[in-house]
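Please open the model in a viewer and keep the sequence panel visible. The tour begins at a single residue, then moves to the whole chain and ends at a second residue.

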Amino acid sequence: MYKQLKPLKINVISDLHYFAKSLGTTGPEFEKANAKAANDLLHTEEILEALKTQLLEKDESDIILVSGDTTYNGEPESHEGIIRLLSELQEKGKKVYAITATHDFQDDGKTRRFTPEGAVEIDSAKRSELFDLYRRFGPDEAIAVHKESMSYVVQLCDGYRLFALNDDSNGDGGSGFSDECFKWITAQVADAKKNGQFIIAMTHHPMISPSPIYSIIGENDMMNDAQKRCNQFADMGVPFMLTGHTHMQDISYTYSQKGNIFYDITTACPVGYPGVFRTIEFDPANKTIHVGTRTIDVKPDFNMNGDTLTEHLENKFFGMIKEVVHAAAYDTEKLSRMVTAFSVKPSVIYRYGWLMRPFAKILTKLKIKHAARLCKKETNLKKSDWADIANESVVNFIMSLVMNLYGGDGKYTPDSAYYKITVGVCNVVDSIVSALRINLKKILKTDGGIAELVKPLLYNAGIPDNFAVLTLYPLYSSDNPAPEQPVRDEEIPETVKKSKKGKGIIALTVLICVVLLPIILLWLLFGFISNRIRFSKELKRDEP
């Protein structure tokens with residue numbers, strides 16, 4: 001069908017979260033918002049200007065897709081700013097096609113601007129206004145429009161149609177597509193297929209979870225009826241969707257019951273770690289999609305203290321987490337100031353911080369060597385196998401796993417000491433949980449316990465998240481049954497033993513607690529009294 005089609009290259013950007021500086025960048029409420037945000041709220045203007053420059057000056061595509069969440073929280077001034085930036089791309093010859101998403105309006109019609117004293121409520125953009133606000137970025141060229149959902153279809157060029165599918169409301173309180181909207185999508189797909197058009201489809205919310213961890217922490221951020229929609233798209237001959245929302249760089253896949261593959265190609269956020277965008281080349285004639293990742297190499301116009309943008313965004317995202325852990329261990333007053341960014345009252349820290357302090361101290365002092373010794377029997381590693389990483393911080397290592405989640409492609413291969421030690425520790429924890437008869441399968445919604453949740457953060461056994469060549473397969477049906485599934489995750493041999501330490505650790509812990517109970521009680525009493533004396537003024541300040 002597509003033998004005569006020339007390859008088409010596009011760029012994809014998602015989750016721009018533009019924040020206009022005119023909305024205020026000082027004061028306690030802004031500091032809270034910026035600290036809480038994974039993005040660099042203070043510098044979104046400069047970062048997106050750098051991205052614009054790169055898209056114009058580097059060897060990028062003339063077609064740019066924007067898959068939603070163009071603003072921070074629907075502020076009219078932020079909309080004005082990002083529309084101005086996208087218009088400048090258009091004026092320089094770029095074709096820009098955008099959809100909006102749930103950050104681009106507020107259900108109650110209210111958002112905030114910041115002042116030196118705090119924050120004031122202002123009107124947000126209304127959902128009903130967004131279609132006309134962004135109509136120059138796609139809808140004005142549309143050959144078909146579904147006005148209620150603000151979805152549209154554009155003829156990108158000969159042989160290629162863009163399906164820009166806005167999934168901010170399924171009409172039933174969630175994200176996704178109403179049944180009526182999906183009937184429209186189905187009709188448009190049939191028309192495109194009848195006319196020999198290759199379909200490039202984008203929406204905002206993920207249709208396949210990028211990680212087992214995300215299935216737990218981000219379950220409500222998935223598209224509603226995601227698996228059902230994956231099956232439907234795959235079986236009607238739309239084998240992929242360009243998505244965003246998670247701020248994670250990911251490529252995942254699933255199969256319909258008829259055996260048709262469906263790829264979810266997610267693009268991360270340019271103003272938060274990892275600070276990237278996509279370049280994708282579609283080559284239907286050769287049945288391939290070449291997916292790549294671009295970092296923003298143009299230096300934004302603000303001081304990054306010699307760091308690259310990726311390093312700056314990494315420090316913004318993970319630096320505060322490390323500071324919170326350190327303050328929990330050594331500086332209660334600093335911690336009380338920091339936690340306000342997470343909507344925790346300082347009085348909570350003044351009242352209970354002393355209980356967290358010993359555990360936080362242990363965490364800050366934990367090294368890889370301590371974890372390696374805990375699971376020596378499970379990993380069968382010798383000291384020489386982990387000697388070169390023995391004194392690395394466990395906190396820093398955990399941060400690297402979170403970076404893998406957002407940046408994609410975990411770097412710790414199954415034969416590495418990092419991988420074996422981490423899985424070994426997880427197996428010990430799973431053994432303890434099992435001995436306590438806690439049903440992790442029900443809680444975590446996974447068959448393999450904590451270890452199976454963590455393994456994908458260590459190493460990506462599936463399709464590479466950043467650079468991949470995806471194969472386009474024939475459409476299978478009951479009349480044309482699918483062969484064996486052609487794409488499968490890499491099979492990783494089990495190199496770490498299951499742990500049997502759970503019952504022993506529980507028994508030892510109980511014994512220690514019984515023997516040391518008087519000392520523990522005295523410590524609790526002394527800690528409580530000394531904490532009340534030390535922070536009496538702070539505690540009284542928040543008492544009713």
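Is K501 buried, partly exposed or exposed? Select K501: this residue is partly exposed, with a relative accessible area of 23%. Here buried means under 20% relative accessible area, exposed means over 50%, and partly exposed lies in between, with a 1.4 Å probe and protein chains only.

The model is a predicted one, in which local features need pLDDT of at least 70 and side-chain atom pairs count only at pLDDT 80 or more, while totals for chains, interfaces and linings use all residues. Residues are numbered from 1 along each chain as its sequence is written, and side-chain values use heavy atoms, with hydrogens and water left out.

**Around K501**

Colour the model by secondary structure and K501 appears in the loop between strand 15 (468-471) and helix 18 (502-515). Helices (H or I, at least four residues) and strands (E, at least two) are DSSP runs, numbered from the N terminus.

Next, display the residues in contact with K501, contact meaning heavy atoms within 4.5 Å. Leaving aside neighbours within four places in sequence, these are L374, C375, K376, E378, V428 and S431. Draw a C-alpha to C-alpha distance from K501 to S431: the two are 6.4 Å apart in space and 70 residues apart in sequence. Then show the side chains of K501 and E378, which make a polar contact of 3.2 Å. A polar contact is a pair of N or O atoms within 3.5 Å; within protein, one must be able to donate a hydrogen and the other to accept it, and residues adjacent in sequence count only if both atoms are side-chain atoms.

**The whole chain**

Zoom out to the full chain, which has 20 helices and 15 strands. Its radius of gyration is 26 Å, close to the 24 Å that the globule rule gives for 544 residues, so the chain is as compact as a globular protein of that length. The radius is taken over C-alpha atoms, and the rule is 2.2 Å times the number of residues to the power 0.38. Along its principal axes, the C-alpha trace spans about 80 × 60 × 45 Å. Buried residues make up 53% of the 544. Among contacts between residues at least 6 apart in sequence, 73% join residues at least 24 apart.

**Around S400**

Finally, select S400 in helix 14 (residues 394-407). S400 is buried, with a relative accessible area of 8%. Which side chain does the side chain of S400 meet in a polar contact? Display Y412: the contact between the two side chains is 2.9 Å. Add the backbone of F397, whose oxygen lies 2.5 Å from a polar atom of the S400 side chain.
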